[in-house]
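Here is a short tour of one protein model. Keep the sequence and the 3D view side by side as you read.

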Amino acid sequence: MTDARPPRLLFVCLGNICRSPTAEGVMRALAKRDGVVLELDSAGTGAWHIGEPPDRRMQAAARAAGYDFSDLRARQAVAEDFDRFDLILAMDEENVAALERLRPAGNDTPVRLMLSHGTSGRREVPDPYYDGGFDAVLRMIEEAAEGLLAQLRKER
Ligand code: 4NP
């Protein structure tokens, strides 16, 4: 591939305060580590947390692992995201369904499950907002992000 424009990736969950900001923040860190230029963002399908930083429990798990997500702010996914991004990574099937309802007619931007890039066999990143499990969420996102980055590097 000779495309000089950096790939644009959008990570999506329900609230944009736990899983998708983690995917964005982890992917930023891995891309920086490997010197890969990517344009990254994240969004939620719901509007409850617009403008908020990531959940403090998620930030604590991330900080313990050496990440800093404190500058991220939640926003809601919009139809225009389908035109602005090359690939959309959803955390669970409910996110995929909500995204498909936003997709503009004629748009063919791929929407994939984030964990399709992992090797655990798990399909969905569980929603930790009510049930906890922030460390496990971080680990499964890290593993999938490594797979996603490896695939992007192969494609270029
Ligand atoms: P996220 O987690 O989708 O991973 O950001 C959630 C955050 C907030 C809510 C649900 C899930 N909520 O219902 O407010």
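This model is predicted. Start with the shell around the ligand. By class, it holds six nonpolar, three polar and two charged residues. Which residues are these? They are C13, L14, G15, N16, I17, C18, R19, H49, D127, Y129 and Y130.

**Polar pairs at the ligand**

Three of the shell residues place an N or O atom close to a ligand oxygen. The table lists each pair.

| Residue | Protein atom | Partner | Distance |
|---|---|---|---|
| L14 | backbone N or O atom | oxygen atom of the ligand | 2.9 Å |
| R19 | polar side-chain atom | oxygen atom of the ligand | 2.7 Å |
| H49 | side-chain N or O atom | oxygen atom of the ligand | 2.7 Å |

How much of the ligand does the protein bury? Taken alone, the ligand exposes 350 Å², and the protein buries 94% of that.

**From N16 to S42**

N16 belongs to the residues around the ligand. Find N16 in the loop between β1 and α1. Its backbone stands out on one count: N16 is not a glycine, yet its phi is positive, at about 60 degrees. Is N16 buried or exposed? N16 has a relative accessibility of 2%, so it counts as buried. The cut-off for buried is under 20%.

Now follow the side chain of N16. A polar contact of 2.9 Å joins it to the side chain of S42. S42 sits in strand β2, which covers residues 39-44. S42 is also buried, because its relative accessibility is 3%.

The side chain of S42 has another polar partner. It makes a polar contact of 2.7 Å with the side chain of E24. What else does S42 touch? Leaving out residues up to four places away in sequence, S42 touches L10, F11, N16, S20, P21, E24 and R75.

**Helix α6**

Next, look at helix α6, residues 134-155. Does its length fit its residue count, or what span should you expect? At 1.5 Å a residue, its 22 residues should span 32 Å. The C-alpha atoms at its ends are 31 Å apart, so the two values agree.

Which residues of α6 are buried? They are F134, V137, L138, M140, I141, A144, A145, L148, L149 and L152. These buried residues pack against several other elements. The partners are β1 (8-13), α1 (19-34), α2 (56-64), β3 (87-90) and α5 (128-131).

E155 also lies in α6. Why does E155 count as partly exposed? Its relative accessibility is 35%, and partly exposed runs between the 20% and 50% cut-offs. The side chain of E155 makes a polar contact of 2.8 Å with the side chain of Q151. Compare the position of E155 with that of A105. These two residues are 50 residues apart along the chain, and their C-alpha atoms are separated by 27 Å.

**An exposed loop residue**

Finish at D71. Where is D71? It is found in the loop between α2 and α3 (81-84). D71 has a relative accessibility of 60%, so it counts as exposed. The cut-off for exposed is over 50%. How far is D71 from A150? The two are 79 residues apart in sequence, and 26 Å apart in space from C-alpha to C-alpha.

How values were computed
Residues are numbered from 1 along each chain as its sequence is written. This is a predicted model: local features need pLDDT of at least 70, side-chain atom pairs count only at pLDDT 80 or more; totals for chains, interfaces and linings use all residues. Side-chain values use heavy atoms; hydrogens and water are left out. A residue is near a molecule or strand if one of its heavy atoms lies within 4 Å of it. A polar contact is a pair of N or O atoms within 3.5 Å; within protein, one must be able to donate a hydrogen and the other to accept it, and residues adjacent in sequence count only if both atoms are side-chain atoms. Accessible areas come from the Shrake-Rupley method with a 1.4 Å probe; for residues, only the protein chains shown count as cover. Ala, Val, Leu, Ile, Met, Phe, Trp, Tyr, Cys and Pro count as nonpolar, Asp, Glu, Lys and Arg as charged, and the others, Gly among them, as polar. Helices (H or I, at least four residues) and strands (E, at least two) are DSSP runs, numbered from the N terminus. The expected span of a helix is 1.5 Å times one less than its number of residues. Buried means under 20% relative accessible area, exposed over 50%, partly exposed in between (1.4 Å probe, protein chains only). Contact means heavy atoms within 4.5 Å.
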